[in-house]
Amino acid sequence: MVDFVSPDEIRVQLSVEAPDQMALNTGEPRAFPRVNGYVLIPCNEGYLVSQVTWITIERSQYPKRQGLKDFGLVDLPYPLRKMSLSPMGVLSLYETEDGIDKYTFCRGVIEYPTVGDPVLLPTRAQLRAIVESGDNRYVLIGHSPLAANAEVRIDPDRLFGRHLAVLGNTGSGKSCSVAGLIRWSLEEARRQNNDLNSCPNARFIILDPNGEYSNSFTDMGEIRVFSSRIEDMQKHLEVPFWLWNSEEWSTFAKASGRTQKPVLIQALRSVRDGLMEEINTPKSDMRRFLRTILRVVQNENISGRPWGEFPGPKNFYAKIKKWQSGLCDDSSYSENQSFALSSLREYVNALVDDPDRNQRYPQYEFGRDEITRLLYLLKKTYHEFGGSDQDVLPLDADIPRPFTGDQLLRSVEINSEIMSVSDYTETMLMRIRSLFADTRLRVISGDEIDISLEEWLTDYVGDNEAANGAICVIDLSLVPSEVVNIVTAVIARMVFESLQRYRKVNSGKVLPTVLTMEEAHTFIKRYSQDSEDRSASQLCTEIFEKIAREGRKFGLGLVLSSQRPSELSPTVLSQCNSFLLHRISNDRDQELVRHLVPDNMHGLMRDLPVLPAKQAILMGWASELPVLVEMNELPKTQRPQSSDPDFWDVWTGRKDRSVDWKAIADDWQQNKLISTRGNDE
């Protein structure tokens with residue numbers, strides 16, 4: 001019976017007749033009392049469901065026997081058992097339309113018991129109702145050993161729609177749980193469609209930094225596996241440079257914010273706008289030159305630099321003086337083109353040769369009428385060379401239009417000269433050249449890759465009705481460490497932005513997609529807000545933070561798997577509404593996880609350091625209450641390749657481990673690729 005009540009704890013005194021090892025009055029033998037087990041307390045709404053937090057023994061002066069006391073005996077000190085409960089919710093009984101009595105569980109406490117109220121053991125039906133409560137629980141993921149092996153099912157909309165974090169030590173079963181959640185969801189979708197051979201219209205994209213999942217879904221029909229090296233049915237990983245946006249380029253090139261980054265952004269605008277085409281004529285060259293000048297003057301005019309504070313006017317004067325040499329006539333120009341160019345050149349010469357700007361103490365400030373006249377002549381000349389007002393509008397530097405590495409380098413050099421900052425961009429150019437020269441990166445992002453944006457989205461996000469398979473595994477294990485964070489960020493951002501545009505084109509409808517990140521602590525790291533230098537790691541984290549905050553609105557769900565939750569970004573972790581917690585032994589990680597649960601649920605969290613493999617605690621939006629679940633078994637052929645190394649079997653000769661270092665060295669040094677190229681030449 002109850003002998004102490006508070007909002008977060010209820011203490012119970014067990015009677016002498018209460019079972020001390022095994023209860024037989026619930027329809028079947030059941031261990032009792034048991035830490036983290038469930039008990040019921042009658043209330044007006046039905047039963048208050050509580051979980052056992054601890055059990056103890058107190059010494060009592062006499063036994064609390066029910067009924068009359070035998071006055072002929074002398075009472076001796078007697079052990080009195082007590083236990084503490086955490087209130088969780090209410091179990092109510094209702095009658096279905098078929099006249100069948102059923103229980104329903106609702107999280108939250110409506111009313112508390114009082115001292116003296118009886119405490120009951122739940123029957124099997126009541127236990128199953130507690131764990132199996134909730135609607136749309138389609139996917140079976142395991143059974144609860146604390147609730148008579150009741151089925152633990154999840155609602156995919158809740159689990160994937162509001163982000164899931166799978167946390168636990170290495171070897172605790174995280175990877176198997178992630179693979180199982182994907183597999184069991186797709187298998188149940190097939191059963192719901194009454195076609196076990198069909199491919200559901202689902203999209204799971206797995207970012208796999210260790211190459212564990214390549215062979216986990218081979219029996220699921222067509223799957224897409226992309227790797228930096230092609231083996232068996234794998235496809236080549238392609239993340240071309242032109243998919244990178246300005247932030248990703250600036251981060252890799254370490255472009256400074258004042259000088260180098262503006263040049264790089266303008267260079268990206270130019271190459272994406274087709275200004276660096278390979279085929280050049282004097283007329284097309286002049287048109288591109290005029291377009292660039294026109295854009296620069298428009299930007300300068302908007303900012304007010306020509307008549308602003310020093311050194312703005314002087315810098316603008318230096319630019320137009322530099323432009324003089326480029327406004328040259330050519331015999332291939334038409335009469336109208338030559339006349340317009342001559343008028344523009346004469347006016348630029350007049351601005352440069354103005355006496356006020358060439359005296360001992362020059363006055364570089366320009367008047368608004370001078371800039372207005374310059375813009376008029378620039379537009380007129382540009383139109384004569386085939387340009388239009390639409391072309392002059394600044395192009396977004398992040399539009400994924402193809403370009404080559406040589407075009408980008410040439411664009412950076414030209415824009416550096418136009419903006420008179422060539423001396424400040426040499427280091428950035430060296431970094432970009434080293435990127436294009438790296439043979440390891442060429443196979444992933446180089447100019448040899450011939451793929452369109454439509455083809456990339458079809459391959460990596462999925463074809464219409466998932467015709468090319470519901471699962472995409474992206475093996476990042478051999479991507480060079482210098483760019484693995486940026487490549488990961490590009491893939492995640494492209495998936496997110498493609499779903500944003502899908503909703504825009506399809507009148508608000510979303511395309512449900514799940515993005516899975518293994519070893520999330522490596523790519524979604526906690527970073528300092530005070531840091532001025534933006535690293536590739538921080539860039540990658542910021543992309544996932546944006547997905548965590550906004551992905552739900554566009555149908556993009558996150559599944560994060562990590563063995564170090566304390567190193568994860570707090571923003572991303574706080575946006576996860578469901579958690580699957582495997583064994584966690586590190587005290588910092590345990591402390592972080594405890595902050596994720598309500599105060600009265602900490603009893604179940606104490607199991608984390610001692611959870612066996614395959615067992616986990618499911619909590620959050622996907623479950624009505626935190627529940628201990630033993631995950632379903634995956635056959636060995638369906639498990640990710642993350643098993644423990646078999647030291648003893650190799651040491652004792654039970655398993656063979658022959659070594660061919662030459663084959664490894666040739667693969668590492670790409671000797672086969674070099675010899676093949678030599679033969680081709």
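1. Let's start with a charge over a ring. In this predicted model, R162 sits over the face of W621, and the distance to the ring centre is 4.4 Å. R357 offers another such arrangement: it lies over the face of F366, at 3.8 Å from the ring centre.

2. F366 deserves a further look, as it also has an aromatic partner. F316 and F366 form an edge-to-face pair, with 5.2 Å centre to centre and 90° between the planes. F316 belongs to helix α7 (residues 312-323), while F366 is in the loop between α8 (335-352) and α9 (368-384), so the pair ties together parts that are 50 residues apart in sequence.

3. Are these two rings buried or exposed? F316 is buried, with a relative accessible area of 0%. F366 is buried too, at 3%. Both values fall under the 20% cut-off for calling a residue buried. If you have the viewer open, F366 is a handy place to see two kinds of contact together: the ring pairs with F316, and R357 lies over its face.

4. On aromatic pairs in general, the structure holds 15 of them. Ring pairs also build a cluster, whose members are F241, W244, W249, F252 and F436.

5. Next, helix α19, which covers residues 587-594. Which of its residues are buried? They are D589, Q590 and V593. These residues cover an arc of only 100° around the axis, which puts them on the same side of α19. The face turned away from that buried side carries D587 and R588, which are exposed.

6. The start of α19 has a contact you may like to check by eye. There, a side-chain oxygen of N586 comes to within 2.9 Å of the backbone nitrogen of R588. R588 is thus named twice in this note: its backbone nitrogen takes part in that contact, and R588 is one of the exposed residues on the face away from the buried side.

7. A side-chain contact in another helix is worth a mention. S175 lies in α3 (residues 174-192), and its side chain makes a polar contact of 3.0 Å with the side chain of E212. S175 is buried, with a relative accessible area of 10%.

8. Finally, the beginning of the chain. Strands β1 (residues 2-6) and β2 (residues 9-13) run antiparallel and are joined by 4 bridges. A hairpin connects β1 to β2 through 2 residues. What is the bridge partner of V5 in β2? That partner is I10.

Conventions:
Residues numbered from 1 in each chain as written. Predicted model: local features only at pLDDT ≥ 70, side-chain atom pairs only at ≥ 80, totals over all residues. Heavy atoms only, no water. Buried < 20%, exposed > 50% of the residue type's maximum accessible area, 1.4 Å probe, protein only. Arc of directions from axis to C-beta. Polar contact = N/O pair within 3.5 Å; in protein donor to acceptor, adjacent residues only side chain to side chain. Phe/Tyr/Trp six-rings, centres within 6.5 Å; stacked < 30°, edge-to-face > 60°. Lys NZ or Arg CZ within 6 Å of the ring centre and 35° of its normal. Pairing = 2+ DSSP bridges.
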